Amino acid sequence: MSKYQVNLKINNMPIAVEEGTTILEAARKLNFRIPTLCHHPDLSVAGNCRVCVVEVKGAKLLAASCATPVSEGMEVLTNSEKVRIARKHIVELLLSEHNADCTKCFKNGHCELQEIASEYRIGEHVFLDLVRPESKIQDISSPAIIKDDSKCIRCQRCVRTCEEIQGVAALGVINKGDQQRISTFLNKPLNEVVCTNCGQCINRCPTGALTERNYIEEVWNAIYDPSKFVVVQTAPATRVALGEDLDIDPGARVTGKMVSALKKLGFNKVLDTDFAADLTIMEEGTELLTRLKKALVDKDETVRLPMMTSCSPGWIKFQEHMFSDMLDNLSTCKSPQQMFGAVAKTYYADKINIKAQDMIVVSIMPCTAKKFECERPEMRDSGYQDVDYVLTTRELAMMIKQAGIDFNKLEEEHYDSILGESTGAAVIFGATGGVMEAALRTAYEIVTGREVPFTNLNIQPVRGMEGVKEATIKIKNVKPEWAFLEGVDLNVAIAHGLGNARFLMDKVNRGETNYHFIEIMGCPGGCLGGGGQPIPTSPEIRQKRANAIYSEDEHMTIRKSHENPEITEIYKQFLGQPLSHLSHELLHTHYKPRKRY
Amino acid sequence: MEKTLKKVDIIFEIDKSCSPLAVLDRTLQRPADEIILDLIDSGLKGRGGAGFPTGLKWKFTRNETSDVKYVICNADEGEPGTFKDREILDRVPEKIFVGMTICAYVIGAREGYIYMRGEYNFLLKSLQKKLDDFNAMLTEKGVDFQIYFKSGSGAYVCGEESALFESMEGKRGEPRNKPPYPTVAGYNNKPTVINNVETLVYTTMICHMGPERFKELGTTDSRGSKVFSVSGDTPIPGIYELELGMPLQDFINEFGDGDAKAIQVGGASGHCVPRKKFSDTIIGFEGIPTGGSMMVFNSSRSMYNVLHDYLEFFTEESCGQCTPCRVGCQQLLKGIEAVKKGDKPPAYLNDLKKLTATMKIAAKCGLGQSVGNPFNSIVDNFKEEIIY
Ligand SMILES: Cc1cc2nc3c(=O)[nH]c(=O)nc-3n(C[C@H](O)[C@H](O)[C@H](O)COP(=O)(O)O)c2cc1C
Ligand code: SF4
Ligand code: SF4
Ligand code: SF4
Ligand code: SF4
Ligand code: FES
């Protein structure tokens, strides 16, 4: 159904737009920029900050352009005297209750409030300082997220993110009037509530009120400590986003430059989480086939299907809180980051003749929940904390800037070996549907001896940004040992973003589905939209990163996890085979229920 | 059309010859469009503060296509100095029920709600009984409409219509963006008529007495009469129904204690009128509109304290979501304190007045938009009291 066209004028320029378009969107089409703070392309409209007000001729009130639909014959002024005075007042008011110590703020230089303030040249404060001393006490209870109310402008982007995208609602608005603020259930610290550490709120917070807990200094200290051997691993999704924080447009693949930069920063070895992603596929694929066998052949009632992926620590914590009765459906595999850590401090340490206690494993992750994950008590199977520090993509960009590296001019370099080799199947872990696709590429081939029946190995039905995806793959002409799978329709489902995960879980809980395998990623778009990725984020930006990931896959010579030669080696020399005793010890774990608030 | 003070008795009138239920019976026989025409003709404007023509509101909602529509009676009555809705609820609840039922008939609603201020819960026991009887009567007559009570959460802002819907839906009472207006998307995002208690009673009474008799009262812009809550320095505080359009001087002659220096018309969010302006200030939509609160201050009152109280009220009662209101209220409050203490020069009051101009046009709802009313009218007329 095509919509009506509405004619209006903005700053005297005529334009026709679809009915329902907001003034803000129409103005952007004409390249008139209107400042915004509470507006975000991923979220519902709030209309509460009021910096986007514009004048509509004939109206007594200014209109919040983000929240006001156009109407026929409307004449809008985006920069009239009234608008300018009001907008300046609004920014002054925001600053008057803001602890504007920019030089100490993690968001300095990336802050939407700061940008507007400097545009409007808000120098001397007209109004009284309203910052409350108690608001400066930060919530540092979470290993992943720092909440600083003295930097909060009450735009509620975090609240909408946590509720609308993540379906968690760990953050909410409490009190009214001058006491109104963003808080958690009963004002408990973040580490005691349902917060999954996903960091999506950070990605959308316009100011420094929500930031990741950063470990930059700790990592520099480790690098400079001669007694430590510091290895770094990089997650799949970092290589398609890091550029955004270093003056490169979204969608660029910067793998080689990133490796080169990491070497220049002084890490002793630059290795790849993608190796561990391939390892995960070996373990998880085998686990799936084993579960299917136990369920279908042995009729073992204790086996839980559908099996669910366990790579995403935000998703795991979400399940621990909200769907704890389904924890047994979770694959026992640790995430690639943690498999990497466990293998690095055992197999790898041995190989390179370094004592595990002298090794520091640093991860570069698109994710803030990984900071929480690496500190979990379950993640010390090497005898030490398997992964010592997690840096977000953003923190890595900061280190690169601190080191004075001209990222754009860097030569591309290769990962060190071993634990540096990986496949196209591993890199697509960074996109929603990627783990599923990688698992299918391997599992199908194990069972049938043939490649998955999709052109160029690209399993299109599991790709894309739809919130919940479903696919069915018919298994035919299997090898004799997999006879029980002959003719079976393998039903899979994929969800990304915890709101979609909840939707899918509810369906599963109601018994409306017959899936065998479900992939869930905590963040929208998968890890490429992770809470540690460069800010801003939007559907377009995430799509560009996804395109880059799939292009990275196509550029890899090896595109199936089981063909990674380093994987073959580690099983031959160390683990034996997937799900071996040693694998179980190092690469698998179990999770426990948590409270529901 | 110069008016003088005239007491009338429409709202609370008990006419033994014609009960509200008889009005209902008669009205439900008439075509809906005719009822709307009568209401438009009567010139009735909302009595909740904003003064929107009631007939039009009903007409817009009637014209919306939707299976589900609602009638809501706004009985949140949170404006300081207003207590007339309580009296109406207590004394003539059937007239409210009837007004809501007529409205439901006109717009095509099957459910109605009375959103009542939590503090009025003590009325609920006797009211619930009357409402149950009324609902049963409707069922008996085959009228497909039922009314329910909802208890408010105690926040002033929940009287704002869209915040009221949010609150009824179990959410935080924060005003919504407009458009869409309630007539298009109100409670549960369905077309909704929301009217003040008193407005609904007038609709009943207009159906009873006809628009002509209603129009005889008041002025061109302010038809009819209105219930006033008179408080403050007056020997005879209470509820009075008066014809609209009288000069304030007449009002003070009747209600003042002889020493009135100012009247706050329309509650905390209204305007303060000083003595010297009493004679040329008309009470009505052409002069100073009011939700009904009339607070009289005599010369013993400090207008600084009055303003301070109001600003404290708004600072607390702002829902806090939008910048101009949340921060603006605090700045005004702290601002007059700073001027009083000498921390800011008297000229700072001008900065604050400019701020209220921004609040008036940029705040999201009527609360923030109207804080400038008391601020400017008190600061302009009683500057010395604010500064010294
Ligand atoms: C902050 C605020 C509080 C309000 N409180 C009330 C109230 O308590 N009762 C009321 O009838 N209207 C109140 N209103 C006005 C309502 O939003 C709405 O205009 C009114 O209920 C419509 O009814 P009417 O057309 O019959 O006046 C308030 C408005 C604002 C902005
Ligand atoms: S949040 Fe922004 S404006 Fe505030 S201190 Fe940080 S950088 Fe500065
Ligand atoms: S980190 Fe995620 S779960 Fe926690 S508050 Fe932010 S959005 Fe909600
Ligand atoms: S924490 Fe950030 S996103 Fe949340 S309301 Fe405050 S400024 Fe907005
Ligand atoms: S004007 Fe005040 S009460 Fe209204 S939405 Fe804004 S903050 Fe809330
Ligand atoms: S961006 Fe429009 S009100 Fe905040």
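**Note on salt bridges, a buried strand and a ligand shell**

1. Over all chains, the structure holds 68 salt bridges, and the reader should keep in mind that this is a predicted model. One of these pairs is A:Arg239 with A:Asp272, whose closest N and O atoms are 2.6 Å apart. The pair links distant parts of the chain, since A:Arg239 lies in the loop between β10 and α7 of chain A while A:Asp272 belongs to strand β11, 33 residues apart. Because buried means under 20% relative accessible area, A:Arg239 counts as buried at 2%, and A:Asp272 counts as buried at 1%.

2. In chain B, B:Arg176 forms a salt bridge with B:Glu166, with 2.7 Å between the closest N and O atoms. B:Arg176 sits in the loop between α7 and β4 of chain B, and B:Glu166 in helix α7, 10 residues apart; both residues are buried.

3. A network of salt bridges links A:Glu437, A:Arg441, A:Arg463, A:Asp553 and A:Arg559.

4. Strand β16 of chain A (residues 489–496) has 7 of its 8 residues buried, so it is largely enclosed by the rest of the structure. It pairs with β15(A) in the antiparallel sense over 7 bridges, A:Ala471 standing opposite A:Val492. With β17(A), strand β16(A) pairs in the parallel sense over 5 bridges, and here A:Val492 stands opposite A:Phe517. Between β16(A) and β17(A) the chain passes through helix α15 (residues 498–509), and this β-α-β crossover is right-handed.

5. The residues surrounding ligand 3 include A:Cys162, A:Cys195, A:Cys198 and A:Cys201, and its shell divides into 8 nonpolar, 3 polar and no charged residues.

How values were computed
Residues are numbered from 1 along each chain as its sequence is written. Chains are lettered from A and ligands numbered from 1 in the order in which they are written. This is a predicted model: local features need pLDDT of at least 70, side-chain atom pairs count only at pLDDT 80 or more; totals for chains, interfaces and linings use all residues. Side-chain values use heavy atoms; hydrogens and water are left out. A residue is near a molecule or strand if one of its heavy atoms lies within 4 Å of it. Ala, Val, Leu, Ile, Met, Phe, Trp, Tyr, Cys and Pro count as nonpolar, Asp, Glu, Lys and Arg as charged, and the others, Gly among them, as polar. Buried means under 20% relative accessible area, exposed over 50%, partly exposed in between (1.4 Å probe, protein chains only). Helices (H or I, at least four residues) and strands (E, at least two) are DSSP runs, numbered from the N terminus. Two strands pair if DSSP finds at least two bridges between them. A crossover is right-handed if, with the strands pointing away from the viewer, the path from the first strand over the helix to the second runs clockwise. A salt bridge is a side-chain nitrogen of Lys or Arg within 4 Å of a carboxyl oxygen of Asp or Glu.
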